[in-house]
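Open your viewer and get ready to select a few things by number. We will go stop by stop, and at each one you will hear what to pick and what is there.

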Amino acid sequence: MAREVRTRFAPSPTGYMHIGNLRTALYEYLIAKSMNGKFILRIEDTDMERQVEGAVDVIYNTLRMCGLKYDEGPDIGGPYGPYVQSQRKDIYLHYAKKLVEMGHAYYCFCSRERLEKMREEAEAKGETFMYDRHCLGLPKEEVERRLANGEPWVIRQKMPREGSTTYEDVVFGKITIENCMLEDQILIKSDGYPTYNFANVIDDHLMGITHVVRGSEYLSSTPKYNLLYDAFGWEKPVYIHLPLIVKPDGSKLSKRQGDASFEDLVEMGFLVEAIINYIALLGWSPETNQEIFSLAELEKVFDIRRISKSPSCFDMEKLRWFNAEYIRAMSPQKFHSLALPYLEKAITNKSIDLAKVSRLLQNRIEVLTEIPSKVGFFNSLDDYDLSIYEHKKMKTTMASSLESLKAALPVLEKLEPWNEQTLHDALMSLVQSMGIKNGQMLWPIRTALSGWQVTPGGAIEIADILGKDESLRRIRVGIERLEKALS
């Protein structure tokens with residue numbers, strides 16, 4: 001009978017969720033859900049020096065925001081807890097001592113100074129540092145004596161020196177590593193905590209993890225894990241190594257180089273759904289040409305056999321496109337609720353109907369943070385360059401714009417009620433009677449109302465939102481300024 005599929009996301013609480021980490025979590029979630037399995041969250045906090053306060057909350061919040069609901073985890077429990085590695089310290093020591101008894105590991109008492117000196121000597125010769133097994137042959141009595149004396153120690157894995165280790169990866173196929181390349185890695189550190197590599201194997205086995213998903217940088221480390229599985233006689237998981245995520249110039253994504261984390265992208269005005277959709281396609285492709293997927297749709301179509309081994313390019317412009325598609329597709333009500341905090345901050349004129357402004361913006365922005373830069377003219381009419389009135393395509397000049405504004409003013413002064421429909425009918429009727437093109441009337445009015453060359457919405461929408469009094473005031477200012485310039 002086939003084992004239940006169980007995947008795990010096991011981040012270290014180091015402060016933020018970078019894109020590669022989030023993609024790993026997403027793929028692990030999708031593998032579990034597409035195969036009717038379980039998705040587990042485990043916090044790997046054994047590297048005490050790298051921990052950042054509040055980072056565990058970042059992990060919880062990110063998964064919750066993204067809809068990646070885990071079946072077991074530190075905050076919800078489960079049959080294989082605890083799900084925080086620092087709370088499982090005694091478990092790792094028990095298994096490490098077992099390896100020592102079986103001859104697959106040994107105590108090492110080498111000082112930090114000795115190891116540092118060896119590392120420096122190796123670097124000076126241009127060689128890769130590898131521990132020289134100085135403590136491997138220590139007699140059992142000496143080991144016990146030194147332990148009893150309280151000497152600092154670590155436990156190292158004893159690697160085979162001959163032959164090679166081969167394993168099968170779902171994405172990269174057969175991988176073979178020469179055993180002589182494998183260093184006797186530390187399993188238990190001098191502070192009593194396990195190393196990342198060792199704790200991973202123990203926890204994955206004890207928690208019944210069937211599929212291990214991680215970055216391709218771990219391809220060469222996996223034989224070390226497999227040798228541990230073999231030493232204990234445990235069944236190995238299915239390995240799925242993911243391709244690198246790179247920037248358009250081919251360099252690796254890095255928070256240190258200023259590349260955005262998940263939190264940064266949200267802060268930049270990207271929608272969570274769009275981020276998840278885009279990240280899903282960084283290294284995986286569906287059978288069809290479909291690009292827009294909800295999380296529920298991804299759960300149904302995701303197939304690990306369609307993960308690519310080629311590096312994936314994180315292109316901010318493509319993400320912007322995805323985001324714009326999501327913005328266009330949502331209901332006006334939902335968009336308004338997302339736009340409202342930005343509008344309330346940007347528009348100080350309390351008489352402006354913000355819901356109407358939202359309707360103008362929905363098809364004209366790609367990210368939410370663009371909103372403030374597009375609505376400033378609703379607050380006040382700043383001094384503007386009169387050359388904006390001149391538009392080749394609209395066939396307007398400053399003189400023709402003045403003529404149109406002077407013709408429109410008395411018509412608009414009489415207009416009641418003041419709304420988009422009445423504005424449209426009045427202005428179109430005026431255009432017809434003057435025998436001019438629509439743009440020759442609407443471009444000057446839009447310019448007079450906004451003072452901007454590019455606005456969300458045209459003259460009619462802007463006039464409706466500004467209201468009658470403010471619109472007429474701005475048109476009069478435009479007439480006055482054009483008359484002065486042309487006199």
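## First stop: buried charges

Asp184 and Arg133 are both buried. Show their side chains, keeping in mind that this is a predicted model. Asp184 and Arg133 form a salt bridge, with the closest N and O atoms 2.7 Å apart. Now colour the two loops they come from: Asp184 lies in the loop between β6 (173–178) and β7 (186–188), and Arg133 in the loop between α4 (112–124) and α5 (140–148), so the pair ties together parts that are 51 residues apart in sequence.

Side chains of opposite charge can pair when their charged atoms come close. The structure holds 29 salt bridges, and two others are worth a visit.

Select Arg42 and Asp203. Their side chains meet in a salt bridge at 3.7 Å, N to O. Arg42 sits in the loop between β2 (38–41) and α2 (55–66), while Asp203 belongs to helix α6 (residues 196–206), so this pair ties together parts 161 residues apart in sequence. Are these two buried or exposed? Both Arg42 and Asp203 are buried.

Next, pick Glu366 and Arg320. The closest N and O atoms of this salt bridge are 2.8 Å apart. Glu366 lies in the loop between α13 and α14 (371–375) and Arg320 in helix α11 (residues 316–329), so the pair ties together parts that are 46 residues apart in sequence. Glu366 is partly exposed, with a relative accessible area of 28%. Arg320, at 19% relative accessibility, counts as buried, because the cut-off for buried is under 20%.

Before moving on, select Arg8, Arg42, Glu44, Arg88, Asp203 and Asp204 together. Salt bridges that share partners join these residues into one network.

## Second stop: strands

One member of that network, Arg8, leads to strand β1 (residues 6–9). In a regular strand the side chains alternate between the two faces of the sheet. Turn on the side chains of β1 to look at this: Arg6 and Arg8 point one way, Thr7 and Phe9 point the other way, and all are buried. Add β2 to the selection; β1 and β2 run parallel and are joined by 4 bridges. Phe9 stands opposite Leu41 in β2.

Now move to another set of strands. β3, β4 and β7 form an open sheet of 3 strands in the order β3-β4-β7, with antiparallel pairing. Which strands stand at the edges? They are β3 (105–108) and β7, each with a single partner strand, so one side of each is left without a neighbour in the sheet. On average, neighbouring strands here are turned by 40 degrees against each other, direction ignored.

Look closely at β3 and β4 (residues 154–157), which pair in the antiparallel sense over 4 bridges. Tyr107 stands opposite Ile155 in β4.

## Third stop: two crossing helices

Two packed helices are described by the angle between their axes and the distance between the axes. Select α15 (residues 398–414) and α17 (residues 438–450): they pack at an angle of about 85 degrees, with their axes 9 Å apart. That makes α15 roughly perpendicular to α17. To see the contact, show Ser401, Ser404, Leu405 and Ala408 of α15, then Gln440, Met441, Pro444, Ile445 and Ala448 of α17. By class, this contact has 6 nonpolar, 3 polar and no charged residues.

## Fourth stop: an enclosed helix

Move on to helix α18 (residues 459–466). Of its 8 residues, 7 are buried, so α18 is largely enclosed by the rest of the structure. The buried ones are Ala459, Ile460, Ile462, Ala463, Asp464, Ile465 and Leu466. What covers them? The cover includes α13 (354–361), α16 (420–434), α17 and α19 (468–486). Just after α18 comes Gly467, whose phi is positive, near 90 degrees.

## Last stop: Leu343

Finish by selecting Leu343, found in helix α12 (residues 332–346). Leu343 is buried, with a relative accessible area of 0%. Leaving aside neighbours within four places in sequence, Leu343 is in contact with His336, Leu354, Val357, Ser358, Leu361, Ile371 and Val375. For a sense of distance, draw a line back to Arg6 from the strand stop: the C-alpha atoms of Leu343 and Arg6 are separated by 45 Å, and the two residues are 337 residues apart along the chain.

How values were computed. Residues numbered from 1 in each chain as written. Predicted model: local features only at pLDDT ≥ 70, side-chain atom pairs only at ≥ 80, totals over all residues. Heavy atoms only, no water. Axes fitted to C-alpha atoms, helices over the stretch in contact; angles between N-to-C directions. Parallel < 35°, antiparallel > 145°, perpendicular 65-115°, else oblique. Contact = heavy atoms within 4.5 Å. Nonpolar A, V, L, I, M, F, W, Y, C, P; charged D, E, K, R; others polar. Buried < 20%, exposed > 50% of the residue type's maximum accessible area, 1.4 Å probe, protein only. Salt bridge = Lys/Arg side-chain N within 4 Å of Asp/Glu carboxyl O. Pairing = 2+ DSSP bridges.
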